[in-house]
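The following exercises concern strand pairing, burial and model confidence. Each task is followed by a solution in steps.

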Amino acid sequence: MKISKLAAGRVLKPLLGLTLAASCAYADVTSGGDITDMSLEDLMEVKVTSVSKRGETASEVSSALFVLTHEDIRRSGSNTIPELLRLVPGLHVAQIDSNRWAITARGSNSLFANKLLVLIDGRSVYTPLFSGVYWDAQDTRLEDIERIEVIRGPGASVWGANAVNGVINIITKNANDTLGGAVTVGAGNEDRALANVRYGAKISDTSAARIYGKYYNRDRSAQIAGVDAYDQMESGQTGARFDYKEGRDTASVHGDIYKGTDGLRALTPSLASFSPSLEQKQTHFDGNNIVAHWSREFSDGQQLTVQGYFDRTQRYDLIHGERYEIADFDAQYLLPLSAYNQLIFGLNYRNTRDFLPKTGSIEFLKSSKVSELYSGFVQNETKLFDNAVRITLGSKFETNSYSGFEYQPTARVAWVPSDTHTLWTGFSRAVRTPSRIQDDGRLLLQTVPTDSGVPASVFAVGSSAVKSEILNAFEIGYRAAPAKNYTFDIATFYNRYDNLSNLAQGAPFVSGNRVEIPYQFANQNELRSYGFEALNTWRPMHSWTLQGWYSWMTSEIDIAEGSLSLGNNGRVDPRNQAFLRSLISLPYNIDFDSYVRYVDSIPDYKIPAYMDLTLRVAWKLSDKIEFAVVGSNLLHRSHKEYVGDAIAVSPAALQRAVLGTVSVKF
Amino acid sequence: MRTALIMLFAYASCKIQRARVLGAVQIIFTFLALTLPCTTHAQQNSEYTIKSAFILNFLKFTELPIKNQDSLLLCIYEKSDAVNAAKILSEKRVGQRSISVKSITKGEDVKSCDAIYIPFSEIQVIQSILNSTIGHSVLTIGEDLDFLSNGGMIAMISQDNKIKFAISGKNAQSEKISFSAKLMALAVSTDR
C-alpha cells in the first residue's frame, strides 16, 4: 500500500501521495556495457539498492499509522467522515447527537477535543477558536476520497502545533481517477435524505477536472426524559477539482463551498437568572476554500512542492458566532543526499483573521484579530545496514502570535530485519498552542446567588499569559506479516502532558450590582496516559477479510487545586475498545459487510459501556448500478455515546438506523 | 475586497510562489549540495533501467499476436522515471520489429499497445488499466505478486535487493499470449 509522506513521517503534505523518492538508487552494474544486452539470468543477479521508489510502504513506517483505503470507505456503509473514522484502531469516535461528535486518539476526548490535527487535502480544518473540529462542516463526496491516513501519536515535527495526539489526513482522488458521472441517492429513518453527484472529464492529454455536489439531511435523535433533542442537521456542499500533470510537473486546484444548519438545544447561562435556561436555536454554518498545489520532480529525485490555500468559515449558534479567514502558504523540498540518506525541509506561513461578535454568553477583548504563524521544519532519514535500520530525526520550529517560539522535535528508529517485520520506536515533543478563547475570551458559565443576596456570575476568562500544552511522547510498535493473508500491528504509548490547560480561580470582584468570579485559563494540570492499540487483519479466503482491533488506555491526571472541572476529572475516555469487521464478497456481486464495536464506559459522564453493530448488504447489478442497505446502531433502540461536555447540550440518544441507497454511474 | 484579493492570490499562488520559492530553494540547495554531495548521481534511476532490460527480455520470450509488422509498441503508465529509463529500449529490436515506447495515462486507449507496463500504482488504477486491456491481447507487466491476482501477466518483484519476476500463464492465455519455456523456468512463481 502506498502512503503519502505524512504517513511516512515525512513531509509533502499529501495531496497527491507523490512517489517522489526516486533518489540516488543505484545498481551495482560493473560491466559498463549495455544493460539491455544482459541475459535474464544475469539481470536477476544485479543488485539494486532502494528498489521501490514509491512512497514508503505502510509496513515500514515508524509510527502508529493506519490507512483507510477507498475500498474500506466504500464498504463501511458510512455517510459522514466521523462515521468512517470508527474503523480506525484506537480512535475514540463518539457521537454526541445527530450533528456533534467527540473524536480523538489516545485520550482527552471532548466535543472540543483539541489535540488532533485534521487535514483535508492539505488544508487544516480545526478552528483556531478552540483548537477543535466542527465535524458537521467537514464533508466531501466520500466516494471521491482516495484514502484517509491516520497517525495515532504526535506528528508535530512535520505538521506543527496541534498534531499532538494524532493526525487525520483525508486525501481526495486525482481528477484523472474520477472520470465520468456518478450519482448516489438514499433515504432512511435517520439519514432521511442524501444525494450526491459527480461528473469528471479529461480536459486535455495532461489535465482533467471534476465537479461535485451533495445534500445531506439527518433526523433528530431520540428524546431523553421527554425532552426533544433538537439536533437535526441539513447541509449542502459543492466543489470542483482540477489536476494537471506534464512531465515533471504536477499541479492541482480545488475548492469547496458549503452551507448548512443544525439544531442546538442547550442549557444557556444568563446574567439575569440563577438557573440556566434550556434554549434552542438553529446553528448556521457555511464556508468556502480554495487550494492550489504545485510540485516539480527534478532529476535525481529532488522535489519541490508549493501549496497555498485560502479558507473562509463562519458559524453562528446559540452560544457564539465566529468568522475566520485563513491564508496559508507552504513550500517543501525533498533532497536525496545519497542512496541512504534524504533530507526534507519546508517553510510555512499562515495568516488568520477572525471576527468574533459579542453574544450573551461570550465576548472577546478584541472582537477581531489577525494572528500570524511562521514555521519551518527539517527532517533527515538515514538507512543503515542494508536498509535494515532506519533513523528519522527532525524538528519543527515555529513562532505564533499566542505562545511565541515553539520547537517540536522527533527521533524515530525502525528496525526492519525483513520485509515482513518492523520494530519501531519514537520519542517526540509536541505542543498544543493556546486557542483564541484561552487568549482573550470571556465566557459566562453560571450565575449563582451569594449569602448577601447579590448575584455572582462565574466566568471563564482568557489570559495572554497562557502557554502551550506540552506533550512528551514515547512510543514502541511492532508490525508483522507472518503469513501472506495475515498481518499484525501493535503500537504502545506513554504520553506525558505538562502545562495542561485548566481554569484557575481568580479573586472575585464587584462589578456594578453583581459579583464576578473569574476562572482564568492557566496551565497547571498534568496528565500521564499510556496504553496500546493492536490490529489484526486476516484474509481466510480471497473473498473474505476479517479485521479486528483492541485498544486499552488509562490516564492519571493531576488537577491543580482550585480548578474548575466542568465534570471532567480526567476519566473521559473509554479504557477498553474492541472492534471486529468482516467483509465478505458473495457470488452474484453481493457484498455482505458488518462490524461490531465495543466501547467501555465513560466514568465522568456516566455513559455506560455499549456494544453495537452495523450491517451492509450491497448488490452490484452491473458495473453501472449498485444497491445497498445499511443498518447501524442495530443492537439498541437507542443509546448514548458521549455528552456535549463543554456546552450543556441537551442529552440525546442515537437511534437504530436503516438506510437504502442506489448508486448509478454514467 | 480583501477576501477577493486573497482568493485571487490563492489562485495565482501557484505561479507566483513558483518563481519566488525556486529562488530561495536554489540557494538552500546549492549550499547543501556543496556540503553533502550525492555521490551516485550518475547511476540514479537505474532501478527502472534494469526493469527496462527485464521488459526487453519479457518481449523477447513472449509470443504475442502481431498487431504491426514493423514495430512493437510498449506503453508505460505515466511514471516519468520509468518512461525515461525505457528510452534505452527504443532502438532495440525484437525479431524484425523495433520497439517504440509510449507514455500513457489512465483512460487512454490501450488497444494498439503490444505490452503495457504499470509501475507501482494505486490498486484502483491498476485494476482499471487491466480492465481496459481485456480482449486486446496486451501483455501486462507490473510490480508485486498482487498484480497477478488482479489479472496481470508478469510481475516484477524485489527480493534481497534483486529483481525477480513471477508469471501468470492463465491470465496470459485468455488473451492469446504465451510465454517461452525459458521465461517460465526462470520465473520465481508461475500458476502452472
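**Exercise 1. Determine which residue stands opposite V458(A) in strand 27 of chain A, and place strand 23 of chain A among its partners.**

Step 1. V458(A) faces I517(A), a residue of strand 27 of chain A. The model is a predicted one, in which local features need pLDDT of at least 70, side-chain atom pairs count only at pLDDT 80 or more, and totals for chains, interfaces and linings use all residues. Residues are numbered from 1 along each chain as its sequence is written, and chains are lettered from A and ligands numbered from 1 in the order in which they are written.

Step 2. Strand 23 of chain A and strand 27 (residues 514-541) of chain A run parallel and are joined by six bridges. Strands pair here if DSSP finds at least two bridges between them. Helices (H or I, at least four residues) and strands (E, at least two) are DSSP runs, numbered from the N terminus.

Step 3. Strand 23 of chain A also pairs with strand 22 (residues 441-449) of chain A, antiparallel and over seven bridges. Within this pair, L444(A) has F459(A) as its bridge partner. The two strands form a hairpin with five residues between them, and G453(A) in the turn has a positive phi of about 90°.

Step 4. Strand 23 (residues 455-461) of chain A is largely enclosed by the rest of the structure, because five of its seven residues are buried. A residue is buried if 20 or more other C-beta atoms lie within 10 Å of its own, exposed if 12 or fewer, and partly exposed in between, with C-beta atoms placed from the backbone.

**Exercise 2. Trace the pairing of strand 21 of chain A with strand 24 of chain A, and with strand 20 of chain A.**

Step 1. Strand 20 (residues 404-418) and strand 21 (residues 421-432) of chain A are antiparallel and share seven bridges. A hairpin of two residues connects them. A414(A) has W424(A) as its bridge partner in strand 21 of chain A.

Step 2. With strand 24 (residues 469-483) of chain A, strand 21 of chain A forms 12 bridges, again in the antiparallel sense. Here G426(A) is partnered by E475(A).

**Exercise 3. State the strand order of the five-strand open sheet in chain A and of the eight-strand open sheet in chain B.**

Step 1. In chain A the order is 1-6-7-4-5, with mixed pairing. Its edge strands, each pairing on one side only, are strand 1 (64-69) and strand 5 (123-124).

Step 2. Strand 4 (residues 116-120) and strand 7 (residues 166-172) of chain A run parallel and are joined by five bridges. L119(A) lies opposite N169(A) in strand 7 of chain A.

Step 3. In chain B the order is 3-4-2-5-6-7-8-10, and the pairing is mixed. The edges are strand 3 (93-94) and strand 10 (189-190) of chain B, each paired on one side only.

Step 4. Three bridges connect the parallel strands 5 (residues 115-117) and 6 (residues 139-143) of chain B. A115(B) has L139(B) as its bridge partner in strand 6 of chain B.

**Exercise 4. Is S131(A) buried or exposed, and is K176(B) buried or exposed?**

Step 1. S131(A) lies in the loop between strand 5 and strand 6 (145-152) of chain A. Its phi is positive, about 65°, although it is not a glycine. S131(A) counts as buried because it has 25 C-beta neighbours inside 10 Å.

Step 2. K176(B) sits in the loop between helix 6 (169-173) and strand 9 (178-179) of chain B. This residue, other than glycine, has a positive phi near 60°. K176(B) is exposed, since it has 11 other C-beta atoms within 10 Å.

**Exercise 5. What is the mean pLDDT of chain A, and what is its radius of gyration?**

Step 1. The mean pLDDT (the predictor's confidence in each residue, from 0 to 100) of chain A is 86, and 92% of its residues reach 70 or more. Over residues 4-33 of chain A the pLDDT is below 50, although this stretch has 121 contacts in the model beyond near neighbours in sequence. Two residues are in contact if their C-beta atoms, placed from the backbone, lie within 7 Å. Where pLDDT is low, the predicted coordinates should not be read in detail.

Step 2. Chain A contains five helices and 35 strands. Its radius of gyration is 25 Å, close to the 26 Å that the globule rule gives for 666 residues, so chain A is as compact as a globular protein of that length. The radius is taken over C-alpha atoms, and the rule is 2.2 Å times the number of residues to the power 0.38.
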